[in-house]
Amino acid sequence: MLYVTRMKQFVYFLLVGLNILSHVEVDSSVDLEESICIFKNGGDSSICRGNLQVIYPELGDAACIVIPKCHDFRKLLSKKWSAPYVRYPDAIEGRELQLGEVRGTVLTAYRPPTPPSGTGYHRYQFFLYEQPVSRTISLDEHEAKSLSVWDLDSFTSRFNLGKPVVSTQFLTENYKD
């Protein structure tokens with residue numbers, strides 16, 4: 001999913017990310033793996049920078065974690081939940097970014113993470129760029145057809161976006177693995 005917003009000219013890209021340890025009370029009739037939820041750090045200091053939050057129902061903020069298998073979080077992420085609520089509470093301008101009410105032109109629709117079975121963990125990254133005031137952001141023909149599989153560096157260079165203001169990621173694998 002890619003949104004373009006003119007609210008102080010920020011662009012945010014869903015390309016896709018927490019850092020919590022949690023324990024859930026155990027019911028003896030429940031499978032141990034399903035009853036204890038351990039949120040592992042999925043951070044990479046070059047990607048997990050700033051306070052960009054990626055919030056899914058029931059899971060909470062997925063920024064910089066490995067999505068746990070417990071509570072069917074991986075299946076819900078791939079099959080049930082729609083686009084996450086993305087917010088940047090530290091935004092100096094752009095109240096919409098602070099509240100997670102990103103508005104703008106959708107350039108690509110949200111597609112939930114669906115890593116193929118047996119391929120291990122995949123990174124889903126989110127980047128927030130400041131959009132130059134005079135630039136209109138658009139996808140070229142290849143980018144529009146490729147379902148968000150395109151060269152981010154080339155895209156950011158083409159529109160002079162520079163380095164991301166903030167970024168994050170999360171890791172997940174196929175829910176059946």
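Is Asn160 buried or exposed? Select Asn160 and keep that in mind while you set up the view. This is a predicted model, in which local features need pLDDT of at least 70 and side-chain atom pairs count only at pLDDT 80 or more, while totals for chains, interfaces and linings use all residues. Residues are numbered from 1 along each chain as its sequence is written, and side-chain values use heavy atoms, with hydrogens and water left out.

**Stop 1: Asn160**

Asn160 is exposed, because its relative accessibility is 53%. The cut-offs here are under 20% relative accessible area for buried, over 50% for exposed, and partly exposed in between, with a 1.4 Å probe and protein chains only. You'll find Asn160 in the loop between helix H5 (152–158) and S10. Helices (H or I, at least four residues) and strands (E, at least two) are DSSP runs, numbered from the N terminus. Check the backbone too: Asn160 is not a glycine, yet its phi is positive, near 50 degrees. Most residues other than glycine have a negative phi.

**Stop 2: Cys64**

Now jump to Cys64, another non-glycine residue with a positive phi, about 65 degrees this time. Cys64 sits in the loop between strand S5 (60–61) and strand S6 (65–66). Its relative accessibility is 12%, so Cys64 counts as buried.

**Stop 3: the whole chain**

Zoom out for a moment and switch to cartoon. The protein chain has five helices and ten strands. Of its 177 residues, 45% are buried. Turn on the surface and you're looking at about 9,500 Å² exposed by the chain, with carbon and sulfur atoms supplying 51% of it. Areas like this come from the Shrake-Rupley method with a 1.4 Å probe, and for residues only the protein chains shown count as cover.

**Stop 4: helix H2**

Select helix H2 (73–80). Which of its residues are buried? They are Phe73, Arg74, Leu76, Leu77 and Ser78. What covers them includes strand S4 (53–56) and strand S10 (166–172).

Stay on Ser78, which belongs to helix H2. Ser78 is buried because its relative accessible area is 10%. Setting aside residues up to four places away in sequence, Ser78 touches Pro112, Pro113, Thr114 and Tyr175; contact means heavy atoms within 4.5 Å.

**Stop 5: the loop after H2**

Move along to Trp81, in the loop between helix H2 and strand S7 (85–87). With a relative accessible area of 6%, Trp81 is buried. Show its surroundings: apart from neighbours within four places in sequence, Trp81 is in contact with Tyr56, Pro57, Glu58, Leu59, Phe73, Leu76 and Tyr110. Try a distance label from Trp81 to Tyr56: they're 25 residues apart in sequence, and their C-alpha atoms are 7.2 Å apart.

Ala83 lies in the loop between H2 and S7 as well. Ala83 is partly exposed, with a relative accessible area of 32%. Label its C-alpha against that of Pro112, 29 residues apart along the chain, and you should get 7.3 Å.

**Stop 6: strand S9 and beyond**

Next, pick His122 in strand S9. His122 counts as partly exposed because its relative accessibility is 27%. A polar contact of 2.7 Å joins the side chains of His122 and Thr119. For that label, a pair of N or O atoms must lie within 3.5 Å; within protein, one must be able to donate a hydrogen and the other to accept it, and residues adjacent in sequence count only if both atoms are side-chain atoms. Not counting residues up to four places away in sequence, His122 also touches Pro115, Pro116, Phe170, Leu171 and Thr172. Glu173 is 51 residues away in sequence, with a C-alpha to C-alpha distance of 6.1 Å from His122.

Follow S9 (122–130) to Gln131, in the loop between that strand and helix H4 (141–145). Gln131 is at 2% relative accessibility, so it counts as buried. What does the side chain of Gln131 reach? The backbone oxygen of Arg135, at 2.6 Å.

**Last stop: a pocket**

Finish by selecting Ile38, Lys40, Pro68, Lys69 and Arg74, which lie nearest the centre of the second largest pocket among its twelve lining residues. The lining divides into eight nonpolar, no polar and four charged residues. Arg74 is also one of the buried residues of H2.

Notes. On a 1 Å grid over the protein atoms alone, a cavity is a set of points where a 1.4 Å probe fits but cannot get out, and a pocket is an open set with protein on both sides within 12 Å along at least five of seven lines; lining residues have an atom within 4 Å of a point. Ala, Val, Leu, Ile, Met, Phe, Trp, Tyr, Cys and Pro count as nonpolar, Asp, Glu, Lys and Arg as charged, and the others, Gly among them, as polar.
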